[in-house]
Amino acid sequence: MLINLLRLLPPETAHTITIKLLKSKLNLRRKNSKIYKSLNQTILGINFKNPIGLAAGFDKNAEVINQMFAYGFGFIEVGTVTPKKQLGNEKPRVFRLVEDDAIINHLGFNNKGSEEIVSNLKSFYVDKDINEIIGVNVGKNKSTENDIDDYLYGVEKLGIFSDYITINISSPNTPGLRDLQLRGRIEALVKKIQKKQSEIEQLVNKPIFIKISPDLNDEQLRDIALMSLANNINGLIISNSTIQRPDTLISNYKNEVGGLSGKPIFLNSTILLKKMHSLTNGQITLIGVGGVSSGHECYEKIKAGASLVQLYTALVYQGPEIIDHILKELDELITIDGYKHISEAIGKSS
Ligand SMILES: Cc1cc2nc3c(=O)[nH]c(=O)nc-3n(C[C@H](O)[C@H](O)[C@H](O)COP(=O)(O)O)c2cc1C
């Protein structure tokens, strides 16, 4: 199987080759995924054919959107995109923790920059299907003089070519980035983004999500909840990778620097999601991400309060077939619980 061959290569080489193969339109796999009526939802005015999205970081440069939709994703988040292209940190900077079903990365927002990514998105938009929902995740350059300006630039340049925008202030690999989550700073950022939004006609109704870290403490979480309610934030994505290292990790790479993703972050990121759902009284749309590799885990996120769910690391270990498996399992799980539609299960965990 191709995925086993790719696993013999260093992680970043495997990723580069995967993107090249996908771009070459080699028919790695193409079929029409089953449509589940029970999983279709309209959220913030957007129709999602199913709730499973590709998390940011896989298609950083918006190069393989069509190909990833072919695997059955309900939505795809490209990026993180920074205004100017940047190479990111020194290699090696991605590590597979195979025994832990996890990855540690300290890529540092390597991406081709907004100009090239806008051009890729424009090509995609030529025959974009109405069911293909795109999020664009924006960040700041490492060497920027003004953090907020970078986000405003991203929103303005890329927002037009997306169904929703994600403000990434939670990646652990850009110095100072996560401080933007702190009280006062996050609100200043949000207000400026909303002002920019109100000045550009095509952006006025575009949902904006803020992606947060799983390493926030309870007080910081409460601050973000209150700020989100007070400023009518559309949604939150919970969560990015963690700088924590659970005791359970056994891989030799467990002490590499960077953000840990995959199975070991499932529990914490789901607890955080549940807390946020409760702190915001279910009034803010939540996207759950972190360690999802099955329909069961996806369902846990939904019951904890997520309307939508994303994944990345499980794709590396299980390959794209995972999407069909999750959708099927999810459909079965809601039926077992006596629900007719996924929306009935949101926030229903005890
Ligand atoms: C190699 C790699 C690169 C990532 N790059 C980004 C990124 O550029 N922007 C971002 O917001 N999240 C990025 N993430 C975080 C994922 O989007 C996701 O939040 C996190 O991995 C948890 O989900 P998972 O356990 O399903 O992987 C990256 C994750 C990995 C593994």
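This passage describes the ligand surroundings, the nonpolar core, two helices and several backbone features of a predicted model.

The ligand is considered first. A shell of 27 residues lies around the ligand, and A55, G57, T80, S261 and T313 come nearest. By class, this shell is made up of eleven nonpolar, 14 polar and two charged residues. Several elements of secondary structure each supply at least two residues of the shell: the strands β4 (75-81), β6 (102-105) and β11 (259-262), together with the helix α10 (313-318).

In soluble globular proteins, nonpolar side chains tend to be buried together. In the present model, the largest nonpolar core has 90 residues, and those with the most contacts inside it are I65, F73, I76, L236, I238 and V309. Helix α11 provides the largest share of this core, namely six residues.

Helix α11 comprises 16 residues, from 321 to 336. At 1.5 Å a residue, a helix of this length should span 22 Å; the C-alpha atoms at the two ends of α11 are 23 Å apart, which agrees with that expectation. The buried residues of α11 include I322, I323, I326, L327, L330 and I334. Because these residues cover an arc of only 130 degrees around the axis, they are placed on the same side of α11. T335 and I336, on the other side of the helix, are exposed. The buried residues of α11 are covered by elements that include β3 (52-54), α9 (295-303) and α10. Just after α11, the backbone at G338 takes a positive phi of about 85 degrees.

A second helix, α8, runs from residue 266 to residue 279 and contains 14 residues. The distance from its first C-alpha to its last is 20 Å, close to the 20 Å expected at 1.5 Å a residue. In α8, the buried residues are S269, T270, L272, L273, K274, M276, H277 and L279. These buried residues pack against two helices, α7 (218-230) and α9, and against two strands, β10 (235-238) and β12 (285-289). N281, which follows α8, has a positive phi near 50 degrees.

The residue I238 links several of these descriptions. I238 is among the residues with the most contacts inside the largest nonpolar core. When neighbours within four places in sequence are left aside, I238 is in contact with S269, L272, L273 and M276, and also with I212, L286, G288 and V289. Of these partners, S269, L272, L273 and M276 are listed among the buried residues of α8. The peptide bond from I238 to S239 is cis, with omega near 15 degrees, and S239 is found in the loop between β10 and β11. Another cis peptide bond joins K91 and P92, with omega of about -5 degrees. P92 is found in the loop between β4 and β5 (94-97).

Positive phi values were also computed for residues other than glycine. L44 has a phi near 50 degrees and lies in the loop between β1 (41-43) and β2 (46-48). L44 counts as partly exposed because it has 16 C-beta neighbours inside 10 Å. D101 likewise has a positive phi, of about 55 degrees, although it is not a glycine; D101 is found in the loop between β5 and β6. With 20 other C-beta atoms within 10 Å, D101 is buried, since the cut-off for a buried residue is 20 or more.

Two further residues illustrate how positions separated in sequence are arranged in space. E132 is found in the loop between α4 (113-126) and β7 (133-138). With 19 C-beta neighbours inside 10 Å, E132 counts as partly exposed. E132 and F75 are 57 residues apart in sequence, yet their C-alpha atoms are 6.3 Å apart in space. T166 is placed in strand β8 (residues 164-168) and is buried, because 27 other C-beta atoms lie within 10 Å. Between T166 and I237 there is a separation of 71 residues in sequence and of 8.2 Å in space, C-alpha to C-alpha. I237 is also one of the residues that T166 touches when those up to four places away in sequence are not counted; the others are A56, E77, G135, N137, V138, F209 and K211.

Key: Residues are numbered from 1 along each chain as its sequence is written. This is a predicted model: local features need pLDDT of at least 70, side-chain atom pairs count only at pLDDT 80 or more; totals for chains, interfaces and linings use all residues. A residue is near a molecule or strand if its C-beta atom, placed from the backbone, lies within 6 Å of it. Helices (H or I, at least four residues) and strands (E, at least two) are DSSP runs, numbered from the N terminus. Ala, Val, Leu, Ile, Met, Phe, Trp, Tyr, Cys and Pro count as nonpolar, Asp, Glu, Lys and Arg as charged, and the others, Gly among them, as polar. The expected span of a helix is 1.5 Å times one less than its number of residues. A residue is buried if 20 or more other C-beta atoms lie within 10 Å of its own, exposed if 12 or fewer, and partly exposed in between; C-beta atoms are placed from the backbone. The arc is that of the directions from the helix axis to the C-beta atoms. Two residues are in contact if their C-beta atoms, placed from the backbone, lie within 7 Å. A nonpolar core is a set of buried Ala, Val, Leu, Ile, Met, Phe, Trp, Tyr and Cys residues joined through C-beta atoms within 7 Å.
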